[in-house]
There are 2 protein chains.
Amino acid sequence: MTTGSRGPEKRRNSSRRNLILEHLQGVDRFLSSQEIHKQMKSRGESLGLATVYRQLEILVDEGHLDSIVSPQGEKLFRHCGVDESHHHHIICRKCGMTRQIEISEVEEMAELAAKRYKFTEVTHNLEIFGLCEKCS
Amino acid sequence: MTTGSRGPEKRRNSSRRNLILEHLQGVDRFLSSQEIHKQMKSRGESLGLATVYRQLEILVDEGHLDSIVSPQGEKLFRHCGVDESHHHHIICRKCGMTRQIEISEVEEMAELAAKRYKFTEVTHNLEIFGLCEKCS
DNA sequence: ATACCTGCAAAAGCTTTGCACCTAC
DNA sequence: GTAGGTGCAAAGCTTTTGCAGGTAT
């Protein structure tokens, strides 16, 4: 959303990147880099933590992953369809289950606020946290 | 926003807490704990970094400060009036200048999404980032 | 006098970087 | 063969914790 792909980087096919994306496609919640690494290790994969960080960044850049920052400041990742439009999430703060939601009004209101206060190059983030049906 | 004050904690009058709040009341932007500590030190105050962290937590809990997490995962703080209703901000990503904004529709839509997906105890956060008039 | 407040230093996390080696192209 | 990918270890950061001494009540 902010920068997008930054320049014509030559990316090779990377076995680890594929594995990470594949792993995340089987998960329906936001995971931290550390969790992803731990899960994949205990699954038997051989890969380093640094690689996880590096490839997650690329996957976000390519639009394969959504990324948010948790209220604790940890970066969290989740798979999402490529070239979907900007969207938001409602996230269970207990089990982490996530639903994608569309709130088109948010986009309009962000634009409006930007115009009123003469801000340009506006981005925004909106995440809704709560307890899902199972957890409440 | 999430927990609120957690229990009847006996808090003494703390000189450092008062100093920190006073300092922040003279600033119109979100600052990190580290920045707050640095500014106050260079101003001649004598206080430790750990104290800054501890008192900031209390000040947020008491409703004297707003707290957000930057896109980089750093916790940021800013003074706000006590018992003001929930509100949002538009923040200059260059100079940090901040305006408080009211977007009542967001509250309604969060409720709506919660109802649709059967979530309870819902909270949300929305922050808008951009470049202010001076910085763009 | 008690229990919270402080500062310092150490420790704990998360994330990034340097480097030598490996591999896709 | 070249440039990106990978793992490991080290380093950088922010934030938390332990502890001895200080201070409000």
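These are my notebook entries on the protein chains and DNA strands of a predicted model.

**Entry 1: the sheet in chain A**

I began with the strands of chain A. I found an open sheet of three strands in the order β1-β3-β2, with antiparallel pairing. I noted that β1 (31-32) and β2 (65-69) stand at the edges with a single partner strand each, so one side of each has no neighbour in the sheet. I then looked up how β1(A) meets β3 (residues 75-79) of chain A, and the two pair in the antiparallel sense over two bridges. For S32(A), I recorded L76(A) in β3(A) as the bridge partner.

**Entry 2: the interface of chains A and B**

Next I turned to where the two protein chains meet. I counted 39 residues of chain B in contact with 39 residues of chain A. The size of an interface is often given as the accessible area lost when the parts come together, and I looked that up too. The area buried between chain B and chain A is about 3200 Å², with carbon and sulfur atoms giving 64% of it. On the chain B side, I listed M109(B), Y117(B) and F119(B) as the residues that lose the most area to chain A, together 19% of what that side buries.

How many salt bridges does the rule find across the interface of chain B and chain A? I found zero. For polar contacts across this interface, I got eight residue pairs, with both residues at pLDDT 80 or more.

I then asked which elements give two or more residues to the side of chain B that touches chain A. They are β4 (88-92), β5 (98-101), α4 (104-116) and β6 (120-131) of chain B. The most comes from β6(B), with 12 residues. By class, I sorted the residues of this side into 21 nonpolar, 10 polar and eight charged.

**Entry 3: strand pairing across and within chains**

I followed β6(B) further. Strands of a sheet pair through backbone hydrogen bonds, either parallel or antiparallel. Strand β6 (residues 120-131) of chain A is joined to β6(B) by nine bridges, and the two run antiparallel. As examples, I took down F129(A), whose bridge partner in β6(B) is T123(B), and I128(A), which stands opposite H124(B).

Within chain B, I saw that β6(B) also pairs with β4(B), in the parallel sense and over four bridges. There I recorded I91(B), which has F129(B) in β6(B) as its bridge partner.

**Entry 4: DNA strand D**

I moved to the DNA and took strand D. Of the 24 residues around DNA strand D, I listed R12(A), S14(A), T51(A), Q55(A) and Y53(B) as those that come nearest. Of the strand D atoms within 4 Å of the protein, 56% belong to sugar or phosphate, and the rest belong to bases.

I checked single distances to phosphate oxygens of DNA strand D. A polar side-chain atom of R16(A) lies 2.8 Å from one. From the backbone, I noted a polar atom of S46(A) at 2.8 Å from a phosphate oxygen, and one of G48(A) at 2.9 Å. The elements that give two or more residues to the surface near DNA strand D are α1 (15-25) and α3 (49-61) of chain A, together with α2 (33-42) and α3 (49-61) of chain B. I divided the residues of this surface into five nonpolar, nine polar and 10 charged.

**Entry 5: DNA strand C**

Last, I did the lookup for strand C. Which of the 24 residues around DNA strand C come nearest? I listed Y53(A), R12(B), S14(B), R16(B) and T51(B). Sugar and phosphate account for 60% of the strand C atoms that come within 4 Å of the protein.

For phosphate oxygens of DNA strand C, I wrote down 2.4 Å to an N or O atom in the side chain of Y53(A). I also noted 2.8 Å to a polar side-chain atom of Q55(B), and 3.4 Å to a polar backbone atom of N13(A). At least two residues each of the surface near DNA strand C are supplied by α2 (33-42) and α3 of chain A, and by α1 (15-25) and α3 of chain B. I classed the residues of this surface as five nonpolar, nine polar and 10 charged.

Methods: Residues numbered from 1 in each chain as written. Chains lettered and ligands numbered in written order. Predicted model: local features only at pLDDT ≥ 70, side-chain atom pairs only at ≥ 80, totals over all residues. Heavy atoms only, no water. Pairing = 2+ DSSP bridges. Contact = heavy atoms within 4.5 Å. Buried area = accessible area lost by both parts, 1.4 Å probe. Salt bridge = Lys/Arg side-chain N within 4 Å of Asp/Glu carboxyl O. Polar contact = N/O pair within 3.5 Å; in protein donor to acceptor, adjacent residues only side chain to side chain. Nonpolar A, V, L, I, M, F, W, Y, C, P; charged D, E, K, R; others polar. Near = heavy atom within 4 Å.
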